[in-house]
Amino acid sequence: MIDLNLQFRLIIFSFIFGFMFSCALDIFNKKIKKFSTTVEIILSFIFVFIMTIIYFIGIEKIGNAIFHIYSIISIVIGFILYDIIIKTIANTPKK
């Protein structure tokens with residue numbers, strides 16, 4: 001069993017990481033549209049690899065690299081929440 005405080009910090013970090021990953025992915029996808037499909041695939045692989053390294057360094061600093069199912073769920077929720085917020089902002093009528 002891991003400490004409850006440690007679990008909480010890992011879940012919060014994973015949630016924020018999922019949110020920021022979705023934001024970075026949106027920006028990244030807009031920037032690479034001008035390249036060929038092969039280059040897009042290679043750059044996407046490198047981007048995901050770098051983001052994965054950043055995530056594992058983060059959980060290593062927070063909790064000795066303890067990776068739990070709650071971390072995955074928090075990343076997914078952060079990722080989805082970003083998309084929901086962006087769609088809500090985009091659909092808000094301007095005055």
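The protein chain in this predicted model has 3 helices and 0 strands. Read from the N terminus, the order of its elements is α-α-α. The radius of gyration of the chain is 16 Å, well over the 12 Å that the globule rule gives for 95 residues, so the chain is more spread out than a compact globule. Along the principal axes, the C-alpha atoms fill a box of roughly 45 × 40 × 15 Å.

Two further values describe how the chain is covered. Buried residues account for 21% of the 95 residues. The accessible surface of the chain comes to about 7100 Å², and carbon and sulfur atoms hold 73% of that surface.

The contacts show how parts of the chain meet. Of the contacts between residues at least 6 apart in sequence, 71% join residues at least 24 apart. Individual residues in helix 1 and helix 3 give examples of such contacts.

Ser22 is a place to begin. This serine is found in helix 1, which covers residues 4-31. Ser22 has a relative accessible area of 2%, and because buried means under 20%, Ser22 counts as buried. Setting aside residues up to four places away in sequence, Ser22 touches Phe79, Tyr82 and Asp83. With one of these, Asp83, Ser22 also shares a polar contact: their side chains are joined at 3.4 Å.

On the other side of this pairing is helix 3, made of residues 69-91, where Ser74 lies. Ser74 is buried as well, at 8% relative accessibility. Apart from its neighbours within four places in sequence, Ser74 is in contact with Ile11, Ser14 and Phe15.

Ile12 is another residue of helix 1. Is Ile12 buried or partly exposed? Its relative accessible area is 36%, and since partly exposed covers the range between under 20% and over 50%, Ile12 is partly exposed. Ile12 also gives a sense of distance within the chain. Glu40 is 28 residues from Ile12 along the chain, and the C-alpha atoms of the two are separated by 31 Å.

Charge is the last topic. The chain carries 9 positive and 5 negative side chains. The centre of the positive set and the centre of the negative set lie 12 Å apart.

Key:
Residues numbered from 1 in each chain as written. Predicted model: local features only at pLDDT ≥ 70, side-chain atom pairs only at ≥ 80, totals over all residues. Heavy atoms only, no water. Helix = DSSP H or I, 4+ residues; strand = E, 2+ residues; numbered from the N terminus. Buried < 20%, exposed > 50% of the residue type's maximum accessible area, 1.4 Å probe, protein only. Polar contact = N/O pair within 3.5 Å; in protein donor to acceptor, adjacent residues only side chain to side chain. Contact = heavy atoms within 4.5 Å. Rg over C-alpha atoms; globule rule 2.2 N^0.38 Å. Areas by Shrake-Rupley, 256 points an atom, 1.4 Å probe, with all protein chains shown as cover. Lys, Arg positive; Asp, Glu negative; His and termini not counted. Charge placed at Lys NZ, Arg CZ, Asp CG, Glu CD.
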